[in-house]
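Trainee: Got a minute? I've just opened this one and could use a hand reading it.
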Amino acid sequence: MSGPFLAYHTCPHCRVEAGAEAIAIDVRDATVIYAGDRDGRLALDGISLRVPAGTRAALVGPNGAGKSTLLKAIAGLLPLRSGTIRAYGQPVDACLHRVAYLPQRGEIDWRFPVDVKGLVMTGRYVHLGWLRRPGRDDHRRVSAALERLGIADLAERQIGELSGGQQQRALLARALVQDADLLLLDEPLNAVDGGTRAAVARVLDALRGEGKTVVAATHDLGRLEVEYDGALYLSEGRAVPPPPGAFVGLPLGEAFPEPLGVGVATG
Amino acid sequence: MSPLLEPFQFGFMQTGLLAALCVGVSCATIGVYVVLRRMAFIGDALAHAILPGVVIAYLNGWSLLVGALAAGLATALGIGWLTRREAVREDTAIGVVFTALFALGILLMSTVRSFRDLSSILFGNILGVTPEDLWALGLVVVVVLAALMLLHKELQLTSFDPSHARVIGLRPEGLRYLLLVLLSFTVVAGVQAVGVLLTSALLITPAAAASLLTDRLPRMMAIAVAVALISCVVGLYASYYAEVASGAAIVLSCTACFGLAWLFRALRGAPAI
C-alpha cells in the first residue's frame, strides 16, 4: 500500500476492517440523467438497492433498463441528480481501492499494445500510486490471478488476440489483483463460452466465501438462482416486480417483496 | 575524407544532426501515443496553430522558440477546453480553431517584407539551427522522455481503459491535458526540423510504421525512434549531396520506412490494419 503522498486519491476511511459493515451498497432514490440529453430524460428514476456484504446480487433487465447506469453510478463514474449512494457506509468516491468495476468489453480499446499480464497489472495501480513501479509481490499476485482464471498460458498475448470469454476472464483477474471488497460487473457472461461461464461462476462463488460482495448486471434469466444470492429486476430506470416464477432470493429492493429481517428495509 | 563523414566537418551540419536527433527522439516517442489515442488531427492542428506565435515573436525580435512554445501551449489548452463542451464536435472545433490561427499567422507574415526569413518556419531549416536552439531542443527531449517514463503506467491505462482509471481515482482529462502540453513542446521542436506544414509527419509516420511491426508499447517507441533517427540522418545527407530541401527529404524518408514496414508486415502474412 502506498503512502498518501503518492496515492492517486487519499482515503481517510480505510481503517475499517473489510467485511465489518453489514451493508456493502446502499442506494437510495438514485436518479441519473442520460449524459448529454437536453430533455433531461432519466436513465435511473428513483432506484433503491441494498446489497448485504458478502453476497452476490444480480441486476436483471432488458437492454436500456438502467443496469449499466446503476453500476456506473455505484462506481462513481456518473453523477447523481438526486438520491444517495453509499458503499460500505461511505460516499461512492471515498474508498476507491475497495471497488473494482468491470466495464462491458466494448468500453476498452482492445487494440492498444498491452499484453494480458499488463492489463491485469493495472489492477495493482490503485495500490501503487504515482511513480511507483510494480514489484515482485505485484507480479506474483498477477500470476496467481491468471492461474486462477485459467489463462496463465495467455499472459504474453496482446489483449486484442483474446476471445470474448478470455477477455472477460482477464478483466476478472484484474479485479482479483486489485483486492477489492466490492466487484461491479457489467454483463460478465454476455456471449461467453461455457468454460468461461464456469470459471467466472466458480471465482464469484469463492469470493463470496472471502466476504467479498458482487453486483452483476445481466439480461440472462437462466441460472440466476445458482450464480446469485439475490436479484433486482429493472425496467426503464425503475425497479419492477419480478416476473412470475422468477428468482428473487435476498430482498435487495425497496418495495417488494416483504423484507425478511429487521433492519433490512430502508426508512 | 569518407563521403559519410564529409558533411559533418561543417559546424552547421553537426548542429543540424544533433537537432535532428533531438527532434527524432521526442517526436517518435510521443507520436506513439498520438497514433494510439487517435490524436493525429490534434498534432497537425498544433503544428499549424503555432504560426502566429512565431510570427509575433519574429516581429518583436523575441526568440522564435519562445513564441512557438507560448502559442503551442495556448492552443493545446484551448483545444482541451473547447473539446470538453459538447456544443461543437471535437474535430470540428479543432478545425475551426487551427485554421483561424494559421490564417492569422499568414496574415501577420504578409505584413513582413522579407518572406524568405519566414519560409523556414513553413518548411523547416534544420541546418539553420543555432546552438541556443539546440539547448532548447535538448531540454524538450529531456522533459518529454522524463514525463513519458514517469507517467508510463497512467498514460497507458488512460489510453485503453479510462473507466478503470477513473474508478481508481485518476483523472483521464488531466492526463490528456498533460499529453497535449508535451505534444506542443514536441511540435515546436519538429517545426525547427521540417516546418509547420510537415511536422505532423514526424509525429505520425514513424509511430505508424512502428505500430505495423510490434504490439508492445516500449518496443513500438524504440522502433519509432529508430525510424525517425534514420530518416533525419538520411534527410540531412540528401540535403547535402542532392541539394534538396532537408525537411521534405526527412519526411519522405519516414514515408519510405513506413512503406517498408507495410511490406514487411504483408510478406510476413499478418493482416494489414
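Trainee: How many residues does each chain put into the contact?
Mentor: Chain B brings 20 residues and chain A brings 22 residues. Keep in mind that this is a predicted model.
Trainee: OK, and which helices of chain B supply at least two residues each on the side that touches chain A?
Mentor: Those are helix H8 (152-160), helix H9 (162-167) and helix H12 (217-241).
Trainee: Which of them gives the most?
Mentor: H8(B) does, with five residues on the side of chain B that touches chain A.
Trainee: What's that side like by class?
Mentor: On the side of chain B that touches chain A, you get nine nonpolar, six charged and five polar residues.
Trainee: Switching topic. How many helices and strands does chain B have?
Mentor: There are 13 helices and zero strands in chain B. Read from the N terminus, its elements go α-α-α-α-α-α-α-α-α-α-α-α-α.
Trainee: Why call chain B as compact as a globular protein of that length?
Mentor: Its radius of gyration is 19 Å, and the globule rule gives 19 Å for 273 residues, so chain B is as compact as a globular protein of that length. As for spans, the C-alpha trace of chain B covers about 60 × 50 × 30 Å along its principal axes.
Trainee: What share of chain B is buried?
Mentor: Buried residues are 49% of the 273 in chain B.
Trainee: And what about contacts between residues 24 or more positions apart?
Mentor: In chain B, those account for 74% of the contacts with a separation of 6 or more.

Technical notes
Residues are numbered from 1 along each chain as its sequence is written. Chains are lettered from A and ligands numbered from 1 in the order in which they are written. This is a predicted model: local features need pLDDT of at least 70, side-chain atom pairs count only at pLDDT 80 or more; totals for chains, interfaces and linings use all residues. Two residues are in contact if their C-beta atoms, placed from the backbone, lie within 7 Å. Helices (H or I, at least four residues) and strands (E, at least two) are DSSP runs, numbered from the N terminus. Ala, Val, Leu, Ile, Met, Phe, Trp, Tyr, Cys and Pro count as nonpolar, Asp, Glu, Lys and Arg as charged, and the others, Gly among them, as polar. The radius of gyration is taken over C-alpha atoms; the globule rule is 2.2 Å times the number of residues to the power 0.38. A residue is buried if 20 or more other C-beta atoms lie within 10 Å of its own, exposed if 12 or fewer, and partly exposed in between; C-beta atoms are placed from the backbone.
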